Amino acid sequence: MDIFDTFLNMGVIARTWPLLLEGLWVTIQLGAASIVAGLVLGLGLALLRLYAVPPLRLITRFYIDIFRSIPLLVLLIIVYYALPFVGLRLSPFASAMAALTLVSGAYTAEIFRAGIEAIPKGQFEASAALGLSYPQTMRDVILPQAVKIVIPPLTNNSINVVKDTALASVVAMPDLLKQATQAQALAANPTPLIGAAVLYLAFLWPLVAMVSRMERRFGAKGT
Amino acid sequence: MSGFVSVRNLRKSYGSFEALRGIDLEISKGEVVCVIGPSGSGKSTLIRCINRLESFSDDSAILVGGNRVQPGRSLARVRAEVGMVFQSFNLFPHLTVRDNVMLAPRRVRRTPRDAARQQADRLLARVGIAEQADKYPGQLSGGQQQRVAIARALAMEPQVMLFDEPTSALDPEMVGEVLDVMRDLAGTGVTMIVVTHEMGFASQVADRVIFMDAGEVIETGPPGRVLSAPREPRTRNFLSAVLNH
């Protein structure tokens, strides 16, 4: 058996390809759902962290620090295997999405905060002087400018979320990695794992390239 | 007899440093007042208190058109009546010049889009930059940006206009165009409070000059008297330093 038969076995790839594509679809769904939920959570947390009454601000900071410190795999196992003991039984998809969202929300909160804090004080003052309310100031003046600053780091975070979906295979999620390991066992050949790696790359590489391009473009403008 | 803008016992401190030590000021409707003084004298802090961009001590009071300037629901309403022009322009860089002018009338006054647009174009023509309406602030010179900022403030049809060193960040050749717009504005009956180092502007346009130092009003009066025959030694020292530099 040479290296091609072991790692790049076309027969095995052909047989297990549908399985891998199913896994990729689950990965994309889980990634997309967690990214969107994480963005909403993160924006809310960032606004609380910056503008809420002091005790709430402190709690938010605490949340952000905790969920940036805890390893995602540990959190995932707690959600899936420990919460049932208190009667909260979540499906593999819901567990994985919950864990990914909780952590991604903490990271995006810090990204949004940095973006909002990067807006000069004069923008807030000019808005206030014109009589704009706080929500109007945020919506019409601050956030449109902050979004430009935060898009590259947010995309980076989204890439991480998609990569972290692979951890969901430990809670029996039929995601890309899980399907690949199953196909590997079925075919008694590691080629499906290589196939999965190629699919992850094909999906994420363009996103990585996009971030670099955006960083260059926004960097050149000096915003 | 109280004025349209009424400042009573205005105090503000940063820690143990007293930035304003009890300012009393009555400014009538349509009056043009120039506030001069050395840097750190509290003159910018004073006008930033008038629309409460700076908080001030609770035993102080500021009234604009009879409404007390205090935190809470009424503050946005007072601010809508008080226009402000900043040293660093503070235009919204992500909006076109026209949208900069339209934003507050659309959102705060709920002016319909077409009416706000016509008003914006009228104001931009008035400050001499009608043809730049579709550009972004970053594409304009400093003088043009400051004129947009004046148009943006005027779009709310304020009763009072505050100018916080409006020409200090400008290249010298652009100071004149901004002062010209302000001079025109002074002729329209808007109440103006101008913090400035432009003594020429103060002497020609102001109805009254206020000299501040160390958080206090030292001397106040018509520009002809305060600028050419100051009574207080501190005013004299400041003016001779400014005029002989």
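The following paragraphs lead through this predicted model, from the annotated segments of chain A to its interface with chain B and then to the cysteines of chain B.

A suitable starting point is chain A. In an unreviewed entry, UniProt assigns the feature "transmembrane region" to residues 24–50, 62–83 and 193–211 of this chain. The model can be read against two of these segments. Residues 24–50 of chain A are 100% helix and 0% strand, and the C-alpha atoms at the two ends of that segment lie 38 Å apart. Residues 62–83 of chain A are 86% helix, again with 0% strand; here the end C-alpha atoms are separated by 21 Å.

Attention now turns to the place where the two chains meet. Chain A contributes 16 residues to the contact, and chain B contributes 22 residues. Between chain A and chain B an area of about 1600 Å² is buried, and carbon and sulfur atoms account for 61% of that area. On the side of chain A, the residues that lose the most area to chain B are E125(A), A129(A) and L130(A), which together make up 35% of what that side buries.

The interface also holds charged and polar pairings. The rule finds 2 salt bridges across the interface of chain A and chain B. One of them joins D140(A) to R107(B), with the closest N and O atoms 2.6 Å apart. In addition, 7 residue pairs are in polar contact across the interface, both residues of each pair being at pLDDT 80 or more. As for the elements involved, α6 (121–130) and α7 (134–164) of chain A each provide at least two residues of the side that touches chain B. The largest share of that side comes from α6(A), which supplies 8 residues.

The cysteines give a further view of the model. Over all chains, the structure holds 0 disulfides. Why does C34(B) form no such bond with C49(B)? The cysteine sulfur closest to that of C34(B) belongs to C49(B) and is 19 Å away, which is too far for a bond, because a disulfide requires the two sulfur atoms to be within 2.5 Å. C49(B) is likewise in no disulfide, the sulfur of C34(B) being the nearest cysteine sulfur to its own.

Are these two residues of chain B buried or exposed? C34(B) has a relative accessibility of 0% and therefore counts as buried. C49(B) is also buried, with a relative accessible area of 0%. The cut-off for this term is under 20% relative accessible area.

Definitions and conventions. Residues numbered from 1 in each chain as written. Chains lettered and ligands numbered in written order. Predicted model: local features only at pLDDT ≥ 70, side-chain atom pairs only at ≥ 80, totals over all residues. Heavy atoms only, no water. Buried < 20%, exposed > 50% of the residue type's maximum accessible area, 1.4 Å probe, protein only. UniProt positions renumbered as here; feature names shortened; annotations may be inferred. Helix = DSSP H or I, 4+ residues; strand = E, 2+ residues; numbered from the N terminus. Contact = heavy atoms within 4.5 Å. Buried area = accessible area lost by both parts, 1.4 Å probe. Salt bridge = Lys/Arg side-chain N within 4 Å of Asp/Glu carboxyl O. Polar contact = N/O pair within 3.5 Å; in protein donor to acceptor, adjacent residues only side chain to side chain.
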